[in-house]
Amino acid sequence: ENLLETSVMRVSQFFVLLATIALAALTSAAPGKRIEICSVPGWDEPLPSKWWSGHVDVGVPPNGEGRMYQHYIFFESERDPANDPV
């Protein structure tokens, strides 16, 4: 494999992992609760920083029934989490 193929493969794997995290969070996390992600399937190395996943209540949908929630994944800075801007 050349460097470009290896890089493309790693980036593709990373996005598949993000999709897996998002799906897991959508099916398991209660609204308003955040979960620290400590590992992801297929990623054998330690995560490069702290990661969290959760949902934020964003209000009532246009039809006026129920609630709407926005899913998020938060990645802490890999460099200097205490001083880097969010």
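These are my notebook entries on a predicted model of a single chain.

**Entry 1: the chain as a whole.** I began with the secondary structure and found one helix and three strands in the chain, which run in the order α-β-β-β from the N terminus on. I then looked up the burial, and buried residues make up 22% of the 86 residues. For the surface I noted an accessible area of about 6500 Å² for the chain, with 58% of that area belonging to carbon and sulfur atoms. On contacts, I recorded that residues 24 or more positions apart account for 34% of those in the chain with a separation of 6 or more.

**Entry 2: strand pairing.** I next asked in which sense β1 and β2 pair, and over how many bridges. Strand β1, residues 34-37, pairs with β2 in the antiparallel sense over four bridges, and as one point of reference I wrote down that I35 stands opposite S53 in β2. I turned then to β2 and β3, which also pair in the antiparallel sense, here over eight bridges. For this pairing I noted G59, whose bridge partner in β3 is M68.

**Entry 3: a nonpolar patch.** With M68 in view, I looked for nonpolar side chains on the surface, and I found that V56, V58 and M68 form a patch there, with about 220 Å² of accessible area together. I checked V58 individually: this residue is found in strand β2 and is partly exposed, with a relative accessible area of 45%. I kept in mind for V56 and V58 the general rule, which I set down by itself. In a regular strand the side chains alternate between the two faces of the sheet.

**Entry 4: the salt bridge of D57.** I listed the salt bridges and arrived at a count of two. One of them joins D57 and R67, with the closest N and O atoms 2.8 Å apart. Which parts of the chain does this pair tie together? D57 lies in strand β2, residues 51-59, whereas R67 lies in the loop between β2 and β3, so the salt bridge links parts that are ten residues apart in sequence. I looked up the exposure of each partner, and D57 is partly exposed at 39% relative accessible area, while R67 counts as partly exposed at 43%.

**Entry 5: the salt bridge of D84.** My last lookup concerned D84, which is found in the segment after β3, the strand that spans residues 68-75. D84 forms a salt bridge with R79, and the closest N and O atoms are 2.6 Å apart; I also found the two side chains listed as making a polar contact at 2.6 Å. Are the two partners buried or exposed? D84 has a relative accessible area of 18% and therefore counts as buried, since the cut-off for that class is under 20%. R79 has a relative accessible area of 69% and is therefore exposed, the cut-off for that class being over 50%. I finally listed what D84 touches when residues up to four places away in sequence are left out, and the contacts are S77 and R79.

**Entry 6: the two bridges side by side.** For later reference I set the two pairs next to each other: the bridge of D57 and R67 has partners that are partly exposed at 39% and at 43%, whereas the bridge of D84 and R79 has a buried aspartate and an exposed arginine.

Note on methods
Residues numbered from 1 in each chain as written. Predicted model: local features only at pLDDT ≥ 70, side-chain atom pairs only at ≥ 80, totals over all residues. Heavy atoms only, no water. Helix = DSSP H or I, 4+ residues; strand = E, 2+ residues; numbered from the N terminus. Buried < 20%, exposed > 50% of the residue type's maximum accessible area, 1.4 Å probe, protein only. Polar contact = N/O pair within 3.5 Å; in protein donor to acceptor, adjacent residues only side chain to side chain. Contact = heavy atoms within 4.5 Å. Salt bridge = Lys/Arg side-chain N within 4 Å of Asp/Glu carboxyl O. Patch = residues over 30% accessible without salt bridge, like charges linked within 9 Å, V, L, I, M, F, W, Y side chains within 5 Å. Areas by Shrake-Rupley, 256 points an atom, 1.4 Å probe, with all protein chains shown as cover. Pairing = 2+ DSSP bridges.
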